[in-house]
Amino acid sequence: MDVELGKQLGLIDESKFHFLWVTEFPLLERSEEENRFMAMHHPFTMPMEEDWQFIDSNPGRVRTKAYDIVLNGVELGGGSVRTLSYYNDRLKNPLRNQGFPPNLVLMKKCSFASKHF
């Protein structure tokens, strides 16, 4: 919508290419409907190392190692660094913060691993 409005108002110079890397997406977002935090992308996106300290105390502050590439306001692609330590205690916290019980956390990690390796 922003791009279309920009075109209609003559605010976009279509002779130029403007690239943008979008980085450091939040790991979790608050769902008011479910009254809990939920994964913004997926629960296996690697948090920024310096944000691990907030995983329990302020989970909405945790950023991820995720990225999008945008050209003239249009997303071309994106990705993320995945958490590969499936049994790492650090990974259990984001899943528990989303309301998954401990036994389901382990099951989800095993299911993800079997699909991707």
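Student: A cavity is a set of points on a 1 Å grid over the protein atoms alone where a 1.4 Å probe fits but cannot get out, and lining residues have an atom within 4 Å of a point. Which residues line the largest one here?

Tutor: In this predicted model, the largest cavity is lined by Phe25, Pro26, Leu27, His41, His42, Thr45, Thr64 and Ala66.

Student: And what's its volume?

Tutor: The largest cavity comes to about 30 Å³, counted as the space filled by probe spheres set on the points.

Student: How many cavities of 30 Å³ or more turn up?

Tutor: One, after searching the whole structure.

Student: New topic! How many salt bridges are there?

Tutor: The structure has four, each a side-chain nitrogen of Lys or Arg within 4 Å of a carboxyl oxygen of Asp or Glu. Glu24 and Arg63 form one of them, at 2.6 Å from N to O.

Student: Where do those two residues sit in the chain?

Tutor: They link distant parts of the chain, 39 residues apart. Glu24 is in the loop between S1 and strand S2 (28-31), while Arg63 is in the loop between strand S3 (36-39) and strand S4 (66-71). Strands are DSSP runs of E, at least two residues long, numbered from the N terminus.

Student: How accessible is Glu24, and what about Arg63?

Tutor: Glu24 has 38% relative accessibility, so it counts as partly exposed. Arg63 is partly exposed too, at 23%. That label sits between buried (under 20%) and exposed (over 50%), using a 1.4 Å probe and protein chains only.

Student: Which residue besides Glu24 does Arg63 pair with?

Tutor: Glu50 makes a salt bridge with Arg63, at 3.1 Å from N to O. Both residues lie in the loop between S3 and S4, 13 residues apart, and this pair also links distant parts of the chain. Glu50, at 43% relative accessibility, is partly exposed.

Student: What do salt bridges that share partners join up?

Tutor: They tie Glu24, Glu50, Asp51 and Arg63 into one network.

Student: Ok, and who does Glu34 bridge to?

Tutor: Glu34 pairs with Arg36, and their closest N and O atoms are 2.9 Å apart. Glu34 has a relative accessible area of 42%, so it is partly exposed; Arg36 is partly exposed as well, at 24%.

Student: Anything I should know about how these values were made?

Tutor: Residues are numbered from 1 along each chain as its sequence is written, and side-chain values use heavy atoms, leaving out hydrogens and water. In this predicted model, local features need pLDDT of at least 70 and side-chain atom pairs count only at pLDDT 80 or more, while totals for chains, interfaces and linings use all residues.

Methods:
1 Å grid on protein atoms, 1.4 Å probe; cavity = no way out; pocket = protein on both sides within 12 Å on 5 of 7 lines; lining within 4 Å. Helix = DSSP H or I, 4+ residues; strand = E, 2+ residues; numbered from the N terminus.
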